Every structure is written in C-alpha cells, then in structure tokens.
Amino acid sequence: MRYLIFVLIIFICFSSEAQQVEYVDFKTVNARLVIVPDSTKVSGKVKYSFEILENIDSIYIDAINMKFKDVLLNDKKIEFINDLKKVWFKSKFRKNVTYSLTFNYVAYPKKAMYFVKRNEDWQIWTQGQGKFTSNWLPSIDDTNDKIEFDFSIVNYADYKVIANGKLIKREGAVNISQWHFNMQKPMSSYLVALAIGKYDKKEITSKSGIPLELYYYPEDSAKVEPTYRYTKQMFDFLEEEIGVPFPWQNYKQVPVKDFLYSGMENTSLTIFSDDFMIDKTSFVDKNYVNVNAHELAHQWFGDFVTATEGKHHWLQEGFATYYALLAERDIFGEDYYYNRLYEYAKQLIVQEQEDKATALLDPKASSITFYKKGAWALHVLKERVGEQVFKKAVINYLNKHAYKNVETNDFISEVEKISGQDLSDFEKDWLLSKELPISKMRATLKKNESIAFLETIEHTPYLSYRTDKNGFIPSSLVHELPKGFYIERLAVLSEALKKPDYPTYKDLIEEAFNSKEIKIRQLLAKHSPDGFKKESETLLLDASYTTIEIALSNLWSKFPKDRAKYLDATKDVVGFNDKNVRTLWLALALLTPEYNSGFNTVYIKELSDYTSSKYSFQTRQNAFSFINNLQIFNIETLINLIDATAHHNWRFKSFARDLLKSLSEEEKYKEIIANLQEQLKEQ
Ligand SMILES: [Zn+2]
C-alpha cells in the first residue's frame, strides 16, 4: 500500500507532462558490466552523477524488469521504489547541487540486447533506438538528456568487446577480460551500444587522423575490401563537405548476425547486418556503400545534434540520406546522384497517389517522407541559397548546438540569417505541406542533361517515359536514350520485351544482350526472350548472383530438356549470404528426376539444414520457402519452424508464424505440429 501511495505522489509531481530533464541533468555514468551469454544475463555496478536544476523530492531512472540493490546517494543508503519500468529515488534534492548515485543491478533483457548464437560462438549486440537501452542498462530514455557514458565490460577472454568511445585498457585474467572504454562527450541513451563476438579488425586512419576500425569475422578477410569499399573516401569527403570535424574519438563498424535493420548509427560505433559482409561478386547487386555513408552522416546529424522529438526526425534521417547521397555522388558521379533523386521522387509520387503522403514535420510521417522528402528538401534548399551559404549555415547550426538537441527552426533560422532570405515559402512547400511541389522537383531534375532529355519526349503527367502514344519503341537503348538515365532505359526495354512482333524488337534485344549493364541483363534474364536461347544461357555465367538466380529459374522452366545442363552449370554457385542460388539450385535439382536422383536425400538434408538457427534468418527464410513449395517438411524442419516463430526479428517471426499457421491447417501436418508444440512446451 505504501508503495502505491508513493507511486501516486510521484505521478502527480510529474503530471502535465513535465519532463524530468527540466529538473535533473544527468552528467556522467560509469558502468561496470558483467555479461553472461549462457544465461542471457547482465549485471552491473553503476555510478551516475547528476545536477539538480530545481528543488525536487524524487528522481527516476528508466530500468525495465531489473533488480536493484546497494543503492547509495552520495555514499549513503537511500530509499528507492522499483516499479519495473522506472526506479524512483526519494530524497530532498536541492537546486544547483551535484549528486552521485550508485547501485548494483541485474537484468535478463528481452529486447534491446540480443544474445545470438553464431556457429558455436555467442554474439551479443544491442539496438537502442526504438527498443530502449533501459532494457539492459538503467538509463534515461528521454533523448533530451545527454550523458557521458564510460563502460567497463567483463566477458570471456576469447571474445572481442566493442563499445562507444575509445578502448583505454584491456585487463586479462585466464578466461576473463575486462575492457575499459572512455567517452569524452555526452550522447542520448538510444545511441549507447556494444557488440561482443569473435572478430578481427582492419584499422585505417582518416585524412584528419581519426582511427577507423573495420570489424569482420575471422574467416571473412576476403570480404573486407568489397564490404568496406570507399570507407575512407566517404569519411574524408563527409568531414570536408559538412565542414565540421568528426565529433568523436574514433569510428568503428561491426557486422552482426540477424540484425533488426540495415544499420544503426550508435555513437562512434555503427552496427550493421552481416548480410552486407559481402564477397566481390555480391558488390554489384548488394553492397554496404549507401548504408555505410548514411550511418556515418548520422554521427553528425543525430548523434552530435539530436532532434528534441519525433516532429523533427527529418533533421536526422533527411540529413543522413542527403549527405549519403552526396558521398555517393563523389564516388559514382552526377548521373548517379540525379537518378537517385529521380527514384526518390517517384517513390514519393506513388506514396502521394496512394494517399499516404504527410508533411515532413508530421511525427507520424513514413520513412519515405522522413528520408527521401527530407533529402529532397535539402537538395532544393541548397540550390536556392547556394552551396557556400548552405555549408556555412550547416556549420553554424552544428557548432551552435554541439552535443545538444535541436529543432527544425534551429537549422532554418541559420540558413535565413546567412542567406538574408525569408524561407517561409520553402517551409510551406517542403516542411508543412502534404503535397509534393512536383513542378519544382521537375525543374531541378532538368539540370541533369539525361533527365532533361525527358522533357522533349514526355507524354505522361509523371516523371516517366515509356513509349509514345502510338506504342513507338526506340530501336536503340544507347543512341536514343541518354546514357546516364538507366531507369528509363530499363523501362523501354521492359516495354519492348512485351512486344515480340514489334519491328525494332530484334535489334533492341540484341543490343541489350551485348550490354554489360547489370540491370539490363537481369531484365533479360527475367524474360528470356523468344529466339534468344543461346544468348539467355550466357546469363548463367554472369558475375552477379541475382542474374544467375533469375536466369537459372527461368531457363529451367522454359527449356525442360536442358534442365540437367543448367543445373550442372550452376552447381558450385552459393550466391549471397542468404544462399539465394544454392537454395534455388537444391529445389530445382529435387524437381528434376533425371538429374542425380540418387542424391535426393543428400539434397533434402542440405536444404533442411539451412532452416536451423545456425544460419542467418535470411538463409532460413529462403530454405523454408523452398521446402514449403516442395512440401517436404520433416520433423527437423518443423521444429526449426516452430523455433523461428519466436525469433527476435519481427519480419522473420511473422513469416514463420504465417507459414506455421497455414501448415497447421493442412491434414498432412496438423497432428504432427500439434504434438511437437506440446512436446516443446513440456521441455
Ligand atoms: Zn538513418
């Protein structure tokens, strides 16, 4: 009862949405953490120091489902209440006084910290944004309270520990190591991170002297170059382009298994999906360049200055998308840049057609809006005020709010001040209005030569060109369509492939087969056009796992007599990390009775094995899909499927749940699944 009354009083104190950050400023935290993977347990001794801004009777720290003991305020015992979401500390806190609070805690985090098995080893990694660091570390979830975090982390000696800041010391005992990290500047708690696992690293240094650490699995040394290609160039470019030195002591990038997103820009420590840890063939279809640049740009836009609330989220995502695009323009050129802007425009137009458009300053805006409309807004703004004014405004904006929080007006007012322009119409068009200023977008795209070409042949109200009203298809992709404009070349080819009786068809397809452009060849693989069998077969030898996958699948369907030949030609190709080619190959081999039928059990075993948690969820999903198509589930794969329904990645989890549900409705599996679920429950 006392507990209830106390909680009630606190809630009254903090009602009317008064933020704790107005009363208390948490300054530093020192945390010594012991992480025990086998029991998915974190325990720690933590010391916070904080300053009181207004007299107050209680303060809190966010801590989800944790146990606390030995709680001391300025080294004296203090009363506390743990409601399993927050821990409240009661005392007569006095204005302008700095306090220290220490405690021990234990947590078994259900999210935000993940314990993943990779081969026989553990991998532990965190994801704060959207999940809340307070699931594994007692901390302040409010992004407006920036704290300097210093960690000491204890773990097995044969594992590497990577955390925010600089490694200052590693102490080793026989089986155990303690890693000490130091941060010099404060950050929001959603950017706190650590990654633990078996890693090697490559170290390079930026032009400005910042150490860049590129982590990889010990067996992946051949993947380091293609994965991290252009890292130094992009880092040097962004420091120069933004005009403010990199705000942290070092920069580390770590791939992890079964990550929730593509990448996450934790302060000085980007964690990314190991699906991007690629070999050199994968680079053309799936590479880390854009994610690499995007997360790096966040080190300024998001980490150095952080939006006060969701309404200003574009200050993070719009800026990171825009600066990533500038870094890519530096590598891939002007045409690439404009083609991407054009693609973003198309996606935004589709969103508007589907009536899903929102203003950029709407906290509920979609990712497309925050990222792509945000990037567009910055592109247009820079064109309007000029490169130098824009850069100066960004420098002032960043420096003025360094290591603090920002709102949209903090940026706009800087641009207005330096340009001497009133930007209210820009704000109306780009920040406040739901509708896209399409005519203005067209005008800017026309500055690129190849896109300007559209204007002369355009017939549709949108930004695209296919054929004219008579169904005319150009006879040459190269001569009649500008080189830089690859999206439209694809669209034209796609139209042509639908019209085999069209007079220019043969010339156009022949030209396309002679093309080295990867997307063109993938389009051909998808259609295997009539009369071009021999040419289509050459696609099986392309240095692209996507092309090979598409070509194998289509050729196998279209030419039944040659199935064995196609399987032989691709029997050694594995494909991307998700084994796209290998899993397809196994399924097709099983469907081809005349091909190595003596090996069917071996093939089934291999495909089944890929559904186990030893493999990434992407590989497992591919394997489950083929096993489902072939209807060859067995006890092992059904157990793996049940296991997958509890996976931490929600996309994979919902895929597994849907599949299990539909199998449970089939006579063939109904009873087996029910029995297995019963048995697993008992275990
Ligand atoms: Zn981002």
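The following exercises, each with a worked solution, concern a predicted model of a protein chain with a zinc ion.

**Exercise 1. The zinc site**

Identify the protein donors of the zinc ion, and establish how they are spaced along the chain and whether His298 and Glu317 are buried or exposed.

Solution.
- Step 1. Three residues supply the protein donors: His294 and His298, each through NE2, and Glu317 through OE. Their distances from the zinc ion run from 2.0 to 2.1 Å.
- Step 2. Along the chain, the donors of the zinc ion conform to the spacing H-x3-H-x18-E. Within this set, His298 belongs to helix α4 (residues 289-298) and Glu317 to helix α5 (residues 314-332); the pair, 19 residues apart, links distant parts of the chain.
- Step 3. The threshold for a buried residue is a relative accessible area under 20%. His298, at 0%, is therefore buried, and Glu317, at 4%, is buried as well.

**Exercise 2. One face of a helix**

Determine which residues of helix α11 are buried, and where they fall when seen down the helix axis.

Solution.
- Step 1. Helix α11 spans residues 438-445, and its buried residues are Met441, Arg442, Thr444 and Leu445.
- Step 2. Viewed down the axis of α11, these buried residues fall within an arc of 165 degrees, so they line one face of the helix.

**Exercise 3. Domain 1 against domain 3**

State the division of the chain into domains, then describe the interface of domain 1 and domain 3 by its residues, buried area and salt bridges.

Solution.
- Step 1. The assignment gives domain 1 (19-298), domain 2 (305-451) and domain 3 (574-683).
- Step 2. Taken over C-alpha atoms, the centres of domain 1 and domain 3 are 35 Å apart. Domain 1 contributes 17 residues to the contact and domain 3 contributes twelve residues.
- Step 3. About 1,100 Å² is buried between the two domains, with 43% of this area on carbon and sulfur atoms. On the domain 1 side, Lys257, Asp258 and Asp275 lose the most area to domain 3, together accounting for 40% of what that side buries.
- Step 4. The salt-bridge rule finds zero such pairs across the interface of domain 1 and domain 3, whereas a search of the whole structure finds 31 salt bridges.

**Exercise 4. Three salt bridges**

For the pairs Asp62 with Lys86, Lys447 with Glu383, and Lys533 with Asp562, give the N to O distance, the location of each partner and its accessibility.

Solution.
- Step 1. In the salt bridge of Asp62 and Lys86, the closest N and O atoms are 3.0 Å apart. Because Asp62 lies in strand β3 (residues 56-62) and Lys86 in strand β7 (residues 86-93), the pair ties together parts that are 24 residues apart in sequence. Asp62 is buried at 5% relative accessibility, while Lys86 is partly exposed at 22%.
- Step 2. Lys447 and Glu383 form a salt bridge, with 3.0 Å between the closest N and O atoms. Lys447 is in the loop between α11 and α12 (449-452) and Glu383 in helix α7 (residues 367-385), so this pair ties together parts 64 residues apart in sequence. Lys447 counts as exposed at 55% relative accessibility, and Glu383 as partly exposed at 31%.
- Step 3. The side chains of Lys533 and Asp562 meet at 2.6 Å, N to O. This pair links distant parts of the chain, 29 residues apart: Lys533 in helix α17 (residues 533-538) and Asp562 in the loop between α18 (545-558) and α19 (563-569). Lys533 is partly exposed at 30% relative accessible area, and Asp562 is buried at 19%.
- Step 4. Through shared partners, salt bridges join Lys533, Glu537, Asp562 and Lys565 into one network.

Definitions and conventions
Residues numbered from 1 in each chain as written. Predicted model: local features only at pLDDT ≥ 70, side-chain atom pairs only at ≥ 80, totals over all residues. Heavy atoms only, no water. Donors = N, O, S within 2.8 Å, 3.2 Å for Na, K, Ca; no water. Helix = DSSP H or I, 4+ residues; strand = E, 2+ residues; numbered from the N terminus. Buried < 20%, exposed > 50% of the residue type's maximum accessible area, 1.4 Å probe, protein only. Arc of directions from axis to C-beta. Domains from an automatic or database assignment. Contact = heavy atoms within 4.5 Å. Buried area = accessible area lost by both parts, 1.4 Å probe. Salt bridge = Lys/Arg side-chain N within 4 Å of Asp/Glu carboxyl O.
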